[in-house]
Amino acid sequence: MNFIEQIVEDDLANQIHEGRVHTRFPPEPNGYLHIGHAKSICLNFGLADTYGGQTNLRFDDTNPVTEDTEYVDSIKADVRWLGFDWENEFYASDYFDTLYAFAETLIQKGLAYVDDSTAEEIAVQKGNPSEPGQESPYRNRSVEENLELFRQMRAGAFGDGAKVLRAKVDMASPNMHFRDPIIYRIKHAHHHRTGDAWCIYPMYDFAHGQSDSIEKITHSICTLEFIPHRPLYDWFIEKLAIFPSKQYEMARLNLTYTVMSKRKLLQLVHEGHVTGWDDPRMPTISGLRRRGYTPESIREFCERIGVAKRENMIDVGLLEFCIREELNRTTDRVMAVLDENPIRLVITNYPDGQTETMHIENNPEDPSSGAREVPFSREVYVERDDFMEIPPKKYFRLAPGQMVRLKGAYIVRCDEVVKDADGTVTQLNCTYIPESRSGSDTSGINVKGTIHWVSVAHAKEAEVRLYDRLFQVEDPSSEEGNFKEYINPNSLQVIRAKVEPNLGQRQIGDRVQFIRKGYFAVDQDSTADLLVFNRTVTLKDSWKK
RNA sequence: AGCCCGAUAGUAUAAGGGUAGUACGACAGAUUUUGGUUCUGUUUGUCUAGGUUCGAAUCCUGGUCGGGCUACCA
């Protein structure tokens, strides 16, 4: 049980809200969701699920300048894809009237004032953490004057930045957020939902907690950086005498070899370091989806990383473990030779022109998956990596004089190596053992190595995109200089490959295991003529030369 | 400097005063027609100094280290 669940159970035991649990997931629609959001989504929806509560999806859309419906749509699609359904779909902008009324209430109580100071002046007034701030010269305007001014602000009488509404709290507080925080600012900007109805917009601190309260949220979960905001959150709720939602903070997710801030991800997209928010190298939900990750694997990951207050850096290997674990159970095995120009293996004692149909099991982990037919003939492609002219001691693959099994077919022995003018190996002449046919092997020969292959006469061409980590260092954000200096220049390698003919039936999004190579998903760029595969993750490889 | 948060194997995360456990990783072995999977085993930990207590990872105090706070962003 994590500490949040502990709090919920305590509250339940104490009948805090008549045993009601109501959470919310509050994204700002100014970017795509990433794996860090998935942690929050799983926690919030998971809590409601575990304790019989509800979860609202609420867009925190109080800054029209950066927000857009494109993001609203992608966020909804991503949450659904992750497997969650919200009780209500709300927008902070739904509450603009209420929030405005709250502001007037505060003014009337003498707890807010209109300030004509500039941003710079306000910054100076705030002082610094070790010294108290100074009061604004406008701090003691009368209630009537403040009301009048605020109404004029709303009516559009002033330009952007001319005035702000500030809460009157405590300019000497050691908590900087208490030093008369700005709660409304003037922005003559078009809002993606309210259009031009407003020219003043509430700040986060004057919108989030109140929205929670309006929705009667019982447990409002956010990340650690909001801890200093909590006293303010409580202060507004107390002064406004509204439903007492409570805020709890957990550590955000950090993953090795990537960045997780929306600002940085936005840069990667806008500056073309990746192809878009859904680039398979991105830690976004849409990127992971395109990469071949499943919702189940992401939920499993979120389950395993836990929830706590200490800052953490999760090894991306754990995410990979989660997807391998699922794909191992669920995907068909197929053969693909991932080489631009693979080695041609010629079986000299196999009849020219003959084709045999091999029946190869789809998934040894799942007997119900059945078998498929794979054509075998005299010439097959094999991986360049599966041959070494001078092999090290424990090399189980092809080498002069060495025998291997061609997966699902015969055992062959390498007799002769053919090279081109540059000395590059182009062909291996082999002989096969006729009695070693898979499933009816009477040869009595035991080979250590089994390799995959694709019949030359039947092979289909495919494009394969091999992805590696986007960054070369574990924590790009903590390194010297700009994080972009640490982008991995080899994070994407696009190659042509030879694949089994029956792969032509696959649809976009389908996942397979290329035997001995990894898990791959059919990309949306696939056409009728050319399948495109994204490598989701490699297989574990315990072979060390 | 002031205030706030945190500290348990390499990485995460449990243990609510009573045997420090789990997962991932790493290493070793077994099985294997994927050097995959599976199975078995091994490895490594309570930041520090005091205090309270029969007993402290847990409670208290000081220190150390890490992080946050001084946007008309959220």
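# Exercises on a protein with an RNA strand

Q15 is exposed, with a relative accessible area of 51%, where exposed means over 50%, buried means under 20% and partly exposed means in between, computed with a 1.4 Å probe on the protein chains only. The model is predicted, so local features need pLDDT of at least 70 and side-chain atom pairs count only at pLDDT 80 or more, while totals for chains, interfaces and linings use all residues. Residues are numbered from 1 along each chain as its sequence is written, chains are lettered from A and ligands numbered from 1 in the order in which they are written, and side-chain values use heavy atoms, with hydrogens and water left out.

## Exercise 1: two backbone angles

Find where Q15 and Y257 are placed, and state what is notable about the phi of Q15 and of Y257.

Solution. Begin with Q15, which lies in the loop between α1 (3-13) and β1 (22-25); helices (H or I, at least four residues) and strands (E, at least two) are DSSP runs numbered from the N terminus. The phi of Q15 is near 50°, a positive value in a residue other than glycine. Next take Y257, which sits in the loop between β9 and α9 and has a positive phi of about 65° although it is not a glycine. Finally, add the accessibility of Y257, whose relative accessible area of 17% makes it buried.

## Exercise 2: the surroundings of T256

Which residues is T256 in contact with, leaving aside its neighbours within four places in sequence, and is T256 buried or exposed?

Solution. First locate T256 in the loop between β9 (246-250) and α9 (262-270). Its relative accessibility is 4%, so T256 counts as buried. Then list its contacts (heavy atoms within 4.5 Å): once the neighbours within four places are set aside, T256 meets M313, I314, D315, V316 and E474. For V316 a further detail can be given, since a polar atom of the T256 side chain lies 2.9 Å from the backbone nitrogen of V316.

## Exercise 3: the polar partners of H452

What does the side chain of H452 reach at 3.2 Å, and with which side chain does it make a polar contact?

Solution. Start with the position of H452, which is in the loop between β19 (450-451) and β20 (454-455). With a relative accessible area of 1%, H452 is buried. Now look at the side chain of H452: it reaches the backbone oxygen of A336 at 3.2 Å, and it makes a polar contact with the side chain of E383 at 2.5 Å. A polar contact is a pair of N or O atoms within 3.5 Å; within protein, one must be able to donate a hydrogen and the other to accept it, and residues adjacent in sequence count only if both atoms are side-chain atoms. To complete the picture, not counting residues up to four places away in sequence, H452 touches residues including M335, Y381, D386, K407 and R516.

## Exercise 4: the surface near the RNA

How many residues surround RNA strand B, and how do they divide into nonpolar, polar and charged?

Solution. Apply the rule that a residue is near a molecule or strand if one of its heavy atoms lies within 4 Å of it. By this rule 63 residues surround RNA strand B, and the closest are Q6, R304, R310, R333 and S438. They divide into 24 nonpolar, 21 polar and 18 charged, where Ala, Val, Leu, Ile, Met, Phe, Trp, Tyr, Cys and Pro count as nonpolar, Asp, Glu, Lys and Arg as charged, and the others, Gly among them, as polar. Then ask which elements contribute: β6 (182-186), α11 (295-305) and α12 (316-330) each supply at least two residues, and α12 gives the largest share, 3 residues.

Turn next to the RNA side, where 59% of the strand B atoms within 4 Å of the protein belong to sugar or phosphate and the rest to bases. Individual pairs can be inspected as well: a base nitrogen of RNA strand B is 2.9 Å from a polar backbone atom of G161, and a base oxygen lies 3.2 Å from a polar side-chain atom of R405. An N or O atom in the side chain of N328 is 3.2 Å from a sugar or linking oxygen of RNA strand B.
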